[in-house]
Structures are given as C-alpha cells and as structure tokens.
Amino acid sequence: MFPDLNQSLGTIYFGLFAVIALLCGAGLLVARHPIKGAICLIGVMLSLSGLYAILHSPFIAVLQVLVYAGAIMMLLVFVIMVLNQGEDHAVPRFDRSSVLALVLPVLVGALVVATLKRVPLVNDAGATRGTIQRISEAMFTVGPASPGYYLLFEIGGLLLLAALVSAVLLAKRSLDRRAEEPDGTPANGAMPHAHPGHADRGPAVVSLHDQAAAGSTTVTAAGAVDVSTRAH
Amino acid sequence: MNAIDPNHVQILAALLFALGLAVAASRRNIFFLLMGVELMLNAVNLSFVGFSRTFAGSGSLVGHLSPLFIIAIAAAEACVGLAIVICIVRNRDSLDSDAYAEMKE
Amino acid sequence: MYPLWLIPVLPLVGFIVNGLLSLGSAGSKRGPSRGFVAALAVAMPLLAFLVTIGATAHIWNGPTTLPIQTYWEWLPIGKGLGFGLQFDRLTALMLLFITGIGTLIHLYSVGYMREDRGFARFMAYLNLFMASMIILVLGDSLPVTFLGWEGVGLCSYLLIGFWHQDHANNDAARKAFVINRIGDLGFLLGAFCLYLAMGKDASLRYVDIADFFQGDAGKALASTPLIVAACALLFLGCTGKSAQLPLLTWLPDAMAGPTPVSALIHAATMVTSGVYLAARLSDVFVLAPAVMTAITLIGCATAVYGAIAGLVQWDIKKVLAYSTVSQLGFMFMAVGVGAFDVALYHVFTHAFFKATLFLGAGSVIHALHHEQDLRRMGGLTKVLPLTYSSMVFGWFAIIGMPLGSGFMSKDLILERLWAAPDMFGVQVGKLVCVVALITALLTAIYMSRLMYYVFWSPSRVPAEVKAHAHEAPFVMSAPVLLLSFGSMVAGAMWFGAVPQINAFELWLRPVVEHAQGATALVASADPHAAAAEPHDHSALAWAIAGCSIAVAFFGWLIAHLLFRRGPKESEPRPLSGFAAAWTSGLDRIYDLVIAKPLAALAWIVARVIDQALLTGVLRGIGEVSGFLGEGYVALQRSRLRISVTLSLLGAVVVVAYLLMPVLSKAA
C-alpha cells in the first residue's frame, strides 16, 4: 500500500512519530482539563497509527484510526462533556502517593532496556506484511494446518455485545422512578445533578431492580437503547 | 525493509507503556485513570506490531492479528468502564478516585 | 485346692453391696436399712475369719505352707508374673488377727456409727479396707502386695475424711494420703532395685526372692549399692505406712476419723504392714547391715519421739496415736537387729491391747457425747464399768506389767537389742536397749496419766454431760471385752525368760529362721561380734524381765504422784509451749524445707512462666497477627490508585522474575 522507504527516510518518519507520541503522552500526564488529556491521547493514537503503517501493518493502522481514535476516544470525550466536568481545581493532579506511582514506570523502562541490551532484536527478512488479504487468510482459514482465529473472532463479537448491554444497563436510570417524578423533570432521563439528600438507591441496585422488573433482556435492550440515546 | 531498528520500536513501546502507567497510577481524576489504561493498551499494540517484523512467516502474522483483538477488547472495556463512571459520578458527584475508597467496605 | 480367694473376696462383696446401697440411697433422708447393712458388713469379715481358720488348720501339722494359687497372668515381667495368693505361716498369723480383730471392730462400729447418716458408706469402706489388707498379706509377690498396700492407703484416706463436711478432716485425710504416697514411691523404687539386683533370675515373687537371696548368688550381693538402695527404699515405704520418723506426722492427724477407724487401721492392721513387709523380705534386709542399723536407730528415735509427745497431749485419741507411733518404733528396733519374729510378736500383742485401748476410748467418747479432752474427764470408773475393766487390761498390757502381753513382747525386744551383734564396731544394740528402757518408762508414765485423768482422778465432767453418761451398748462393749481378754492371753504365746513357752517363735521359725541366722553370720565378719546364739541367754532374759517390771512400776508410781489429782487446768485450750513445739515441730520443718520451696516453685511456674511467658508469648503472637491483619486490611481498603499501583508492581515483579535468565547474562 505504501511505497518502500529507504533507510534514512524510515528513520526520520519513525523519529517524527515517536516524538509526537511521547510529547502527547507527556501532555496527558500533566493535563489538568480532561478534554485536553483526551486530545493528547488522540494525538498519541494518530501517531501510533502512522507507526503501524511504516511497520508494514496497514490494516492495523487504519483500524486504529477508525476504531480507537474515532470511536473509543469519541465516546470518552462525549462522556466527559456529558458529565460536565471542566477544569478540576479542587482535586490536585499529583500528591504524595503519586511518588510511589512514579517508581513503576522507571522499573518497567529499566527492565525492558536491560533485556533488549542482552537479547537484541533483529529484523527477519521473511516477515509478512499485514495486508488485508494476508490477515483475512490467516483469520478465516480453518484447516488442519492452521485452525485460524475464526472462533476468537466470533467470541470477540459476543464480548462486544455483552459490553454493550451491560453498559446500557449500568448507565440508565430506573424506569419506575422516571415515571414517578412529579415535579416535571424532563422524562428523557437527562442527567440532573445528584442531590445528596435524595433517597437515591445505588446504581447497581437500580440496574438489578430494573432487570428484575423488566424481565427479558431483549425488552430492556429495546427500551434501554431508547433511554441511552436520549441520555447522550 | 530493514530501515527501522526493532529495538528502538520496543523501547518506544516501553516508554509509552511507562507513561501510561504513570498516568494511571498517579492521577486522581478517574478519567485520567481510564486514559492511562488506554495508553498502555496502545503501547502494547505497538510492541506487537514491532515484533511482527522480527519473526518469519505465520509467526509474523500474530503480530498483526493480536492488535486487532486488543483494539476490540479495548473498545468493550472503554464502554463498560465509562458506564460505570457515569454510575458512580451520579452517586458521589465527584471525579476524585480517592472519594470512592469507602465503597470497598 | 483350698479357696484362698474367698478370703479377700468376701469383704469385697460386702463393700460392693453396701457401697451400692449407700449410693442408691444417696437421695433419701434416712439411708438404707441399718440392720441389713450391719449384718452384711459384720458377716463378711467373720466368714473370712472362718475361712482363714480352715486354711490354718490345713497347715497346722505338716506342710508349712499351702500351695501358691495363681489366678491369672498379670504382668509380663521376667518369666511372667501372675496374680497369686500364698498362705504360709506368716500369712496365717497376720490373717488370723486381721480378720479376727477386724470382725470385732466391725461389730463395734455397728454400735458406734449407727446413728450416723453415712453408716452404709462407713461399713462399705471398712469392708474395702479389710479386702485390701487381706490382699496385702495374702499376695505372693510384691506387685500383689502393692495392690493391697495402695488399697489400704486409699481406705485410710476415705475413712479419715469420713466426716467430710468438716474441712479439717479432709486436710488430715489428704495429709495421710500424700505422706503415704511418698512411702509408696519408696516401695516401688525399692522393688525395682531389687528386681535389677536379681539379674537374670529376676522375679518379684516372694518364694523366688527367698530362694535367690538364701542362695550363694544372693549372698554374694551383700552390701552392694543396689541391694543397699533397695533395702533403704523399701524401708522408706515401711516408714510411710508404719509412721516412722520421717513420715510419721500423718498418724496423729489421722485421729480426725471415727474411733473404730483409728482402732482398726491405725493401731491394729495398716500400720503393721511395714513390719510385715520387712519380715517378708527379711532375706534381703539382712544383706544390708548398714540399712538394718539405720532401721534400729530410726525406730529408736521414733519411739522416743512418740513417748515424749504422748506425755504432753490432752486429747485422748492423740495420746493413743503417739503411743502407737512409739510402739511401732519398738517393732522396728527389733527388725533392725534382725529379730523379725520378735517384731511380729509385738505386732500381735500390740494389735490386741491397742485395739482395746482405742475402742475403750471410743466408748468413753461416745458416753461423754463426743468429748475427747482429758481435762473434761475423770472419775468414770463407776459410770462405765465394762469399759473401765477392759481399759485396765489394756493399760496393764501396754505398760509392761508382769505377765501382760505387752510385757512379754517388749521384753523380748529388749533382750534381742541387748544381745545384738555390734554394728560397725559400736555396741549399738546395748545403747538402743537402754534408750528403749527409758522409753518404756515414759510409756508407763503417759499411759498411767491417761488412766488417771480418765478414771482415777476426781471428775471434771460437766454436770449435764455426766447426767447423760451411760455405759456403751452391748454391741460395743462386747468386742472391747473380748479384745482385752485377748490382750492378756496373747502373752502366753511366747515368754522370753522361759524358753519352753515359745509357741509363737516355733510357728514363725520356718519363715524367718534363715534371715535370723544370717544376721549373726553377716555381722560376724566384725571382729567384735558376740557370736553367741541369742536363744539361750536365760540369765539375761530374767535380768531384763526384772528391769522392765521395775520400770513399769516406777512409771506408775511417778504417774500416781504427779497425776492422781487430775490436771491443773480444766478448760480445754490448744497446745502451747513445749508441747506445741514438740508435736508440730516436724510439720513445721517439713513446711519450711519442702512445702515452702514447692510453693515458691509453683508461684514461679504460675506467675512467671505461665502468665508472663506463655500467656505473654501467646498474646504477643495474637497481637502480631492482629497487627499484620490490620495492616493487610488497610492495604485492601486503600485508595484506588494505591491498589492499582501495587497490583501493577506485582505484575512487574513477576515479569522481572521470568526474565531473570536473560537479565543475568552479561550485557
């Protein structure tokens, strides 16, 4: 897909993407505003996508942009905005226990560097490019020689479905309570600010109650999808 | 193509992973915790793709396929994680992860 | 085969039946039927007595012993030790007076304890005692004897503490039991040493022991450390049971029990088991002359101690108790010079006159409504005629009046002491004989004092008690009369000065002759030994007889001068001054030397080791666990970030561990 790059060009591109990724990562570390942090994270992802491309994995590069940067980060940003959180001045960014936390990265880095020094990696000439044909062949060919990743693919799909359903259930509010509210709060389930004195049962209890009250998951899914879209 | 030194790729992946660790472990805002985790996952993806260059034939394909699945799982995890964040913020009206320490009792 | 087993089993049956009756009626107010209990309890020893007479008849002319009957295989030691009973002349002698006097005392108890709520229990215990004592003397080996030995110790405890609501009685019972226990330890260790000494022929049966130690192998062991240890330890057992000097303090305290108990156990039977053991193992004892000397000296010291203590007592039973201690000292003096048959003769006569005196004292106490203090008695000759006449005979015997039984046996002891071969170059025998004579004088004085204070002095009995005082019922006075008759007649068995009157000696000769002959042989290694046979010293015998008669009369005279008007004080009060010091001195020494260090040790163990160390350590462990647990809880309950950090740290550590082979290579 992409033309072969000669030696120096490859290194330049690698260096460029690497620097952008690291800078964005640092930005994430010190950002105060969650949105700014999310933007930095998107930056990291985009640069990583470029890195995948020059590392002969075009499919993954595109997938990264489409799914990761495009869908997941979008969801994150939406939730940040919905929860109406701006710059958080009350909570400090770092405190005493953060010092303990900074020990870990140092350890990890040192570990990897030490290992690489002792067992240096070498590029193999017979490495395949990650083109769509090759990947789909590897995934969906089921035979005695290579069982393929078909089953994993299907299970991944189920996992995503389960995640969808559980996310919806977790996030929605009780149907009964919404109907009961007498004071004319909009029945679209928009997020009021939680009242500390309000007799609010825990969300986990709420969702369980809903599950029991609603019966089958398909009904709840149908009803819940409605709620979640309105909530967003 | 042998232009890019695989060791450099791995070191970059390690550095990104370390950064993600630092963010996840040291920031109090729970969004940053989630974002740190995402960063860690991305670093791992980079590592896999980097390794695909160092193996031959079908071994190399693992390096391309694993990131695929990891992205899918990261999506599921982000979804559920954010739903949980919504729940607990509704409860406490605070994004401070330290405020949720009492919930464990 | 003669049913020897009947002799112990009959009283045992009495114990079981009466015991069950007593247990079964524990809830009722009156208790079981007195008549039945009494009949059973008296019948059993009586039947045992009759069986004993039958067995004695078998060995009267002809065989000196019945064949040993073994009933079952008991201990797997040596060639296997069975539970066996033997009946030789010594056993016959002991059994006759144990069962005979025992029956009479049982009869007496029926009258004495009739009103007591625990009557059935009392009779059951008495029967158990009889069974144990019978097993003690019937046993054919040391373990069987030990069974009886322990049994009588147990019954002593049960009977001394019979009126257990009064805690002083319980203390006395415990004291008796514990002191006896120390003696029992000596018995056991002595038996073990004996067993070891016998080497490959080891056996604990008396016949085997006798054969071994009469043979050359045994004689070669004379004065070896093992034999000396065995004899010393066995004698320790004797001191425990027979209240000799180190272990005698239990006997005066044992007077807390009912009077029949004092008569039976602490005068006639149990306390003589020490002498019995010495006689049984006579062949072993003579092989340790050092121990024999020690026995004589201890016996002498005990006799003197008892006599002096008896002189200052105000309780009638305590006087008799110390008298028993003193007389037991006499018996052991005889044992120590190898005169086993003489010692047993004194056991025999002492049983009669001491039982008479005790039971008579019991009648007096009973008549005066449980008054035991001499200061409140006096002038009772007309009030208690039968009791008085019985006690006069008993008194006559014990102080050694001519032709009384006590005179006969005490005389023989003095004779043997005087003629004893020298031990270790010193004429110990003559020295001890003189001391014994002085003790006899003291005996005469204090026993006469007793008689004066109770009978021959003006009455100090309070008026209301005197009004109700009456002679004991027939069931009580008849045994006392019979016993007093026996105490006079028993002297006819053996008269030292007249060699022809020696039925007793002849009877026992087959059992002890070897040991008594050996005494002279072993001691004759000493160059100063008088090797003359002790049996044909007529002149000596008459001289000693004269001395002891003079002593008896002189003692009576002194008592008459001092005590005929009764005591100066008339109100009972506790002992003080010399009296208290003498009687409780031993106890105080024991307390200081043994009890207090033990108490200190116990305090150390309880406080320091138990509380401080053990509890402290255990609590410390608990606290450490708690501390660690709380730390762990804190970890679990920590803030989110800390949990995340720690789990990731764990993961990194695991990865580092896995990478160890790689990382250990040189860079």
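Helix H9 (residues 225–241) of chain C packs against helix H14 (residues 289–311) of chain C at an angle of about 25°, and their axes are 9 Å apart. Axes here are lines fitted to C-alpha atoms, for helices over the stretch in contact, and angles run from 0 to 180 degrees between N-to-C directions. H9(C) and H14(C) are therefore roughly parallel to each other (angles under 35 degrees count as roughly parallel, over 145 as roughly antiparallel, 65 to 115 as roughly perpendicular and the rest as oblique).

This is a predicted model, in which local features need pLDDT of at least 70 and side-chain atom pairs count only at pLDDT 80 or more, while totals for chains, interfaces and linings use all residues. Residues are numbered from 1 along each chain as its sequence is written, and chains are lettered from A and ligands numbered from 1 in the order in which they are written.

The crossing of H9(C) and H14(C) is right-handed, that is, the near helix is turned clockwise from the far one by less than a right angle. From H9(C), Val228(C), Cys231(C), Ala232(C) and Phe235(C) meet Ala290(C), Val291(C) and Ile295(C) of H14(C). By class, this contact of H9(C) with H14(C) has seven nonpolar, no polar and no charged residues. Ala, Val, Leu, Ile, Met, Phe, Trp, Tyr, Cys and Pro count as nonpolar, Asp, Glu, Lys and Arg as charged, and the others, Gly among them, as polar.

Chain B has three helices and zero strands, in the order α-α-α along the sequence. Helices (H or I, at least four residues) and strands (E, at least two) are DSSP runs, numbered from the N terminus. Of its 105 residues, 62% count as buried (20 or more other C-beta atoms within 10 Å of the residue's own, placed from the backbone). Among contacts in chain B with a separation of 6 or more, 51% join residues 24 or more positions apart; a contact means C-beta atoms, placed from the backbone, within 7 Å.

Chain A is touched by both chain B and chain C. In the first case, 69 residues of chain B are in contact with 84 residues of chain A. Helix H1 (6–26), helix H2 (30–52) and helix H3 (57–92) of chain B each give two or more residues to this side. In the second case, 13 residues of chain C meet 12 residues of chain A. Here the elements of chain C giving two or more residues are helix H25 (640–658) and helix H26 (660–663).

| Side touching chain A | Gives the most | Classes |
|---|---|---|
| Chain B | H3(B), 27 residues | 47 nonpolar, 15 polar, seven charged residues |
| Chain C | H25(C), eight residues | 10 nonpolar, one polar, two charged residues |

Key
Buried ≥ 20, exposed ≤ 12 C-beta atoms within 10 Å, placed from the backbone. Contact = placed C-beta atoms within 7 Å.
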